[in-house]
Structure formats: structure tokens, C-alpha cells
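Please work through the exercises below with the sequence and the structure open beside you. Each task sentence is followed by a solution that goes step by step.

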Amino acid sequence: MKNQLSDRINNLPISATLAMAAKARELKSQGKDIISLSLGEPDFNTPDFIKDAAIEAINQNYNSYTPVDGYLELKEAICKKFKRDNNLNYKPSQIVVSTGAKQSLANAALVLLNPGDEVLLPAPYWVSYSAITTLAEATYKIIPSTVESNFKITPKQLEEAITPKTKLIFFNSPNNPSGTIYSETEYRALAKVLEKHPSIFIISDEIYEHINYDVPNFSFASIENMYDRTITINGVAKAFAMTGWRIGYMGAPEWIAKACTKMQGQITSGANCIAQRATITAVEAPISKIQYMVDEFKQRRDMLLELFKEIKGFKLTIPDGAFYLFPDVSYFFGKTIKGFSINSASDFSMFLLEKTNIATVSGEAFGDHNCIRISFATSEEQLREAVNRIKEVLK
């Protein structure tokens, strides 16, 4: 019975992206022709050179418990990756390998936050940031942005949002759900504000760093005076099509890394041994080995942007990274289409599911009440069919 459960779990929301994906699977099992544009999961297979490394690890009999914070060889490889790709100098003692980047994020929040602390969430933000904050018994404040601002906050907004209770801010670039990438200049301007508030920590989620379209990723921790306050989160799920392998990692000040290792040691212990050995090969590989996936995502992005130009009411930015469109659909609010009353982004998302069999995610889950998220991590054929259905139902 619900009243026997803890307040902690009762207050925790269900992941909106996973809920919509489950709904889509349920409808598909009923025989409906569902096109799912809801999950953030590459539709490519894990590259063969990574799979071969996993097979080799199995043949070498890697089957024992792993160190809580990860194999030393993997942590050394991650340090080299941080230097190569992000100009960040970390030692293995500053690296913690976890069961997915989501655990890395949760570890960092749980070791830093106390009840009553305040977390700043520049919106749109990934759905789990708010849930993780709630789990840590802290509160969060949303800093809004719009399609007109290219879904970026300003230094002025950041300054006005900070209070004496502010302990932590989440940055995510390339951004899920908008695809926005903060430039070095923009991040440095935000850092100028944070320099005046030395008790605030930064979690920089860079899981989509390699999925960018001619706009390079810039790591927040590479800014002078920010390194000792920033926890850089990354993983192999998105860029290497390894979502199910469940490997994420962080680079952090050593005292935070040790605290996260302590936390993880009481919850999951070390991440999967075979997946860790395969990840060594992944992070050591030149980015050119996964460029074919990025090129395909860019081609789909460009195609979708052209197709949506033909549909009135979708207000779009051009995503510089990740594999999502995040259109503002507020044009449709207050309208009734095919007998369906639309007054919110959630209504519009449900309208698409019921009237076109297309699964998307409402922007409300990401802190934006005017948008929906459309994943283009699916085939060009499916994407064209999806847009055709939307165009038809909105005629």
C-alpha cells in the first residue's frame, strides 16, 4: 500500500521519457503502428571494435568483482581522454566509474546536497536532474529559457536566481532535450557570475559531447577558478551506442570523488567487469571511428528541419548537438483538432500519440511548458512517415 512506502519514494516522479516509451511499447503490443520518437537511444549497433574487446575480456576470464571506482586501466584511459578531448588534467584518483552516467550524476548530488539546499536548473534540463534533487531532499529552482533565446540562460538570469541557499547548478551541453551547445564565450560569462559565489558547485553533464554538428563542445571545468568546483560527467552510452552497457564516469575534485566512491560502495559497488574492459577500448579510440553515426544524425536533423518548415505552428531552433528537435508548439494551445482539446505541451504530445500513433515527450518533463521533444535516433524512413502523419492530422 502506498501509505506504507517512504516519503522519499512517494515524492519521486516517474521518468517521463521512460513512461512514454513504456506506453508506446504497450500500444505496439496491441498491434498499433507506433513510431516511437521518445527515447534518447542511438539506433546503431555498438561498433564491432568495442564488441571484440568485450569478447576478448570474456575469453580472458574477467568475471570477478571490480574495484568500486573502476579498473585502474580504465581510469587511466579516461584521464587521457579528458586531456585529449577536453583539456582537463585529472588523476586516476579523481575518476569514478559508475553504472551509467545517471548514477554518476546521482552520486555527485547525494554527496554534496543536504536537506534544504537549493539547486539551480537551467531549463530545459534532463528529466532526472529534478528527480535526483528531490531524492537528495534538496529543492530546485528553474531558470527558464525560450526558443527565442536558443534555449540558453543569460548571466543576468543566473545572478538573479542565486540565493544564500544555492549549493549546486546543473549544466548540460550539448543539451538534452534542445540540442543547444553553450560556446566557450557563453560559459565564461556564466562563470564570471559563479566566481562571486564560491560555495556553489557545478555539475557539467557532457554525455553528448561527441554528437555535435560543427560546433565544438567546451568543458566548464577548463575555465580558470572552476576546475576545483566542477564535477564533469560523461559516459559511453550516446556517442558509442552503448546504452545497455551501463558505463558512466566522472572527473571531480579528489575529495568529491572519494565521497562518491564511498556512496557507490554501499549501493552498487563496481560497474560490470566486461563493460568496463570494452569501455577502455571505446575511450581510447579516435573520434573518427564513430563519426559515421554523427554524420547520419546530422543528415536526419537537416532533413527534419526542412520537412517541419512545411507545417504551420512548429517554432524551431537548429540543434547544434545531440539527436533531438525541441519545437515550441504553443501555437496549438487553445485549439481543438479532430475533437481533441489542446491546452498544453502534454496535451499536444498525447494528441500525437492518439491521433497519429507517434510517441514524443512533453517539454513539461524538461521544465519547458511550450515544447515537445522529438528524437531523431531512428531511421529516415520512420522520420519521414512521422512528419507525414503530423502534417496530415494538422491539415
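## Exercise 1: Positive phi angles

Task: Arg 246 is placed in the loop between strand E7 (230-235) and strand E8 (248-251); in this predicted model, find what sets the backbone of Arg 246 apart, and then compare its surroundings with those of Ala 322.

Solution. Step one is to read the backbone angle: Arg 246 has a positive phi of about 60 degrees, although it is not a glycine. Step two is to look at Ala 322, which is not a glycine either and likewise has a positive phi of about 60 degrees; Ala 322 belongs to the loop between helix H11 (291-308) and E9. Step three is to turn to accessibility, where buried means under 20% relative accessible area and exposed means over 50%. Arg 246, with a relative accessible area of 35%, is therefore partly exposed, whereas Ala 322, with 0%, is buried.

## Exercise 2: A parallel pair and its crossover

Task: Determine in which sense strand E3 (residues 118-122) and strand E4 (residues 139-143) pair, and which unit they make with helix H6 (residues 127-135).

Solution. Begin with the bridges: there are five of them between E3 and E4, and the pairing is parallel. For a point of reference within this pair, take Val 119, which stands opposite Tyr 140 in E4. Then follow the chain from E3 through H6 to E4, and the three elements are seen to make a β-α-β unit that is right-handed.

## Exercise 3: The surroundings of Ser 145

Task: Locate Ser 145, decide whether it is buried or exposed, and list its contacts beyond its neighbours within four places in sequence.

Solution. First, the place of Ser 145 is in the loop between E4 and helix H7 (155-161). Second, its relative accessible area is 10%, so Ser 145 is buried. Third, leaving aside the neighbours within four places in sequence, the residues in contact with Ser 145 are Ala 123, Pro 124, Phe 151, Lys 152, Ile 153 and Asp 368. Fourth, one of these contacts can be described in detail, since the side chain of Ser 145 reaches the backbone oxygen of Ala 123 at 2.5 Å. Finally, inspect the peptide bond from Ala 123 to Pro 124, which is cis, with omega near 5 degrees; Pro 124 itself lies in the loop between E3 and H6.

A further cis peptide bond can be examined in the same manner: it joins Ser 173 and Pro 174, with omega about -10 degrees, and Pro 174 is found in the loop between strand E5 (166-172) and helix H8 (184-195).

## Exercise 4: An open sheet

Task: Work out the order of the strands in the open sheet of three strands, and explain why E9 (324-325) and E13 (361-362) each have one side without a neighbour in the sheet.

Solution. The order is E9-E14-E13, and the pairing is antiparallel. Strands E9 and E13 stand at the edges, each with a single partner strand, so one side of each is left without a neighbour in the sheet. To check one of the pairings, note that E9 and strand E14 (residues 372-375) are joined antiparallel over two bridges, with Leu 325 opposite Ile 374 in E14.

## Exercise 5: Salt bridges

Task: Of the 26 salt bridges in the count, examine those of Glu 186, Asp 214 and Glu 296, and state where the partners lie.

Solution. Glu 186 forms a salt bridge with Lys 152, their closest N and O atoms being 2.8 Å apart. Because Glu 186 lies in helix H8 and Lys 152 in the loop between E4 and H7, the pair ties together parts that are 34 residues apart in sequence. Glu 186 is partly exposed at 30% relative accessible area, while Lys 152 counts as buried at 13%.

Next, Asp 214 forms a salt bridge with Lys 298, with 2.5 Å between the closest N and O atoms. Asp 214 lies in the loop between strand E6 (201-205) and E7, and Lys 298 in helix H11, so this pair ties together parts that are 84 residues apart in sequence.

Lastly, the side chains of Glu 296 and Arg 300 meet in a salt bridge at 3.2 Å, N to O; both residues lie in helix H11, four residues apart, which is about one turn of the helix.

Key. Residues numbered from 1 in each chain as written. Predicted model: local features only at pLDDT ≥ 70, side-chain atom pairs only at ≥ 80, totals over all residues. Heavy atoms only, no water. Pairing = 2+ DSSP bridges. Right-handed = clockwise from strand over helix to strand, strands pointing away. Buried < 20%, exposed > 50% of the residue type's maximum accessible area, 1.4 Å probe, protein only. Polar contact = N/O pair within 3.5 Å; in protein donor to acceptor, adjacent residues only side chain to side chain. Contact = heavy atoms within 4.5 Å. Salt bridge = Lys/Arg side-chain N within 4 Å of Asp/Glu carboxyl O.
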